[in-house]
Amino acid sequence: MMLPVMAAILIASLAFATPRSVAISRFLPAVPALAASMWPVLPTILLGTFCLLLMIGLSFEFPDLGTWYTAGGIVAVTVAAAYGSHVRLQREQTLFQVRLVADAAQQVVLSPMARCFGGVEVESLYIAAAAEARIGGDFYEVAETRFGVRLLIGDVRGKGLPAVGAAAAVVNSFREAAYDHPDLCDLARRLESSSARYTAAFPPDDLVERFATALLVEIPYEGGHIKILNCGHPPPLLLGHGRLRVLRPSDPSPLLNLRELIGDQYTVDTVTFGPGDQLLLYTDGVTEARDHAGEFFPLAEWMERQTATRPRELLDALHHDLLHHSSGGLDDDIAALAVRWNEDAAPYTGQRGRAA
C-alpha cells in the first residue's frame, strides 16, 4: 500500500540527484496512476497533489525543466486516476456482493455435513473453476439413512453459476429420496426424473447438451461391503492393505437426463469394504488437471503412494498436489469425497452423525 509513496519519493530523489538532461521528474505522473490501482479516491488525489508540489519545487532548482508540461500531465493523470479508483471500488463492491450470493448458493447445493456416521468417516473437497463465483457444476451430498450411509457425487455439464441450478435440482432430490427408496436403482430413477423436470423448463437446442454424471454409493452400518451405482461418472478408487482397486461398473448406467435416448436400466455393483480401507470419489476435474506439458494428473498412481490414515489428510494432500501439478492453474470444477471405515468408532445408534 505504501508503494506509490515510495515511488514518488524515489523519483523526486533521483530528479534532484541526476543531471538536468536526464529529466527523471517526467515519471511523476505515473505515481497517481499507480495509486489508483490500490487506493481510494481521496488518497489518490492527495498523492497527485503531492507530486504536483514536488514538481513545482523542482522548478526552483531547474527553471528550464519544462515544469508546466509535466505539471499539466500530473493534473490530468490524477483526475483520470481518481475516476479509475472510483470505478475500481464500485466493481470490487459488486464482486463482493456476487461472492455473498455465491456463498449462499453454495450453502444450498453443498451444505455442511456431519463427518462421522457410526463407523463411516467422510470428508469433502470442493474447488470451483470460476473463482469469482466460488461454486460450479460439481456437487456432492451425504445422507444418513436407515439403509446405510448414502453418498452422491456428480458433475453437471458446464461451469460456474449457470450450472448451479441443475446441480441443486439433483442434490435436493437426493436429500429427499435417499431416505425413501431402499433400492439404489429406484433412487437413481428419482434423480433422473428431477433432472429431467428441471431441464424441461429450459428446453435446450440439443438434449445431449443438458446432462449430468452421478455416482451413488451405499455403505451399510455393519460394514463389510459397499454398493455402487455409476451413471457415467469417473470410477471411484479403493485403497486397502496397500492395494489399489479402480471400481469400474460391470455394466454402465445411463447419465442423468438421457433416459429418453438410452433408457433407464441401472446396475448396482457390490464391493468389499473393510476396516481401514480408503474410498475416494471424485469428479473429472481431478483427473483432467494438466501440467505445463499437457499431461493429466495421474490420480491412480498418486493414490497408490498415499499413506494418509484419515480422509481429511488424504484430501489435503490431493488439494496440494493438484495445485502443484497444475501450477495453480486449475480450469475445471473439482469435487471429491474421501471415505474410511473406522472399526474403532462407536456403533450406529440411529441418530444423526455429529461433526468430528
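This is a short tour of two sheets, the helices packed on them, and the cores in a predicted model.

**Stop 1: the five-stranded sheet.** Start by selecting strands E3, E4, E5, E6 and E9, which in that order form an open sheet with antiparallel pairing. Colour E3 (138-145) and E9 (268-273) separately, as these are the edge strands, each pairing on one side only. Turn the view along the sheet and you can follow a twist that averages 20 degrees from one strand to the next. Now add helix H5, residues 164-177, which packs on this sheet and touches E3, E4 (148-156) and E5 (212-219). The direction of H5 makes about 5 degrees with that of E3.

Zoom in on E6 (residues 224-231) beside E9: six bridges hold this antiparallel pair. For one example, show Leu-229 and its bridge partner in E9, Val-268.

**Stop 2: helix H6.** Select residues 184-200, a helix of 17 residues. From first C-alpha to last, H6 reaches 24 Å, close to the 24 Å expected at 1.5 Å a residue. Which residues of H6 are buried? Show Leu-184, Cys-185, Leu-187, Ala-188, Leu-191, Glu-192, Ser-194, Ser-195 and Thr-199 as sticks. These buried residues pack against E4, H5, E5, E6, E9 and helix H7 (259-262).

**Stop 3: the six-stranded sheet.** Next, select E1, E2, E11, E10, E7 and E8; in that order they make an open sheet, again with antiparallel pairing. At its edges are E1 (116-117) and E8 (243-246), each paired on one side only. Helix H10, residues 311-326, packs on this sheet and touches E2 (120-127), E10 and E11. The direction of H10 makes about 20 degrees with that of E2.

Look closely at E10 (residues 278-282) and E11 (residues 334-341), antiparallel strands joined by five bridges. Here Leu-281 stands opposite Leu-337 in E11.

**Stop 4: the cores.** Where is the largest nonpolar core best entered? Select Phe-139, Leu-151, Leu-216, Val-217, Ile-219, Ile-226 and Leu-279, the residues with the most contacts inside this core of 54 residues. H5 gives the most to this core, with eight residues.

Centre on Leu-151 and leave aside its neighbours within four places in sequence. Its contacts include Val-122, Val-142, Phe-174 and Leu-216, and also Leu-281 and Leu-337, the two residues that face each other across E10 and E11.

To finish, move to another core, of 21 residues, lying apart from the largest one. Leu-237, Leu-239, Leu-280 and Phe-297 are among its members.

Definitions and conventions. Residues numbered from 1 in each chain as written. Predicted model: local features only at pLDDT ≥ 70, side-chain atom pairs only at ≥ 80, totals over all residues. Heavy atoms only, no water. Pairing = 2+ DSSP bridges. Helix = DSSP H or I, 4+ residues; strand = E, 2+ residues; numbered from the N terminus. Axes fitted to C-alpha atoms, helices over the stretch in contact; angles between N-to-C directions. Contact = heavy atoms within 4.5 Å. Core = buried A, V, L, I, M, F, W, Y, C linked by side-chain atoms within 4.5 Å. Buried < 20%, exposed > 50% of the residue type's maximum accessible area, 1.4 Å probe, protein only. Expected span 1.5 Å × (residues − 1).
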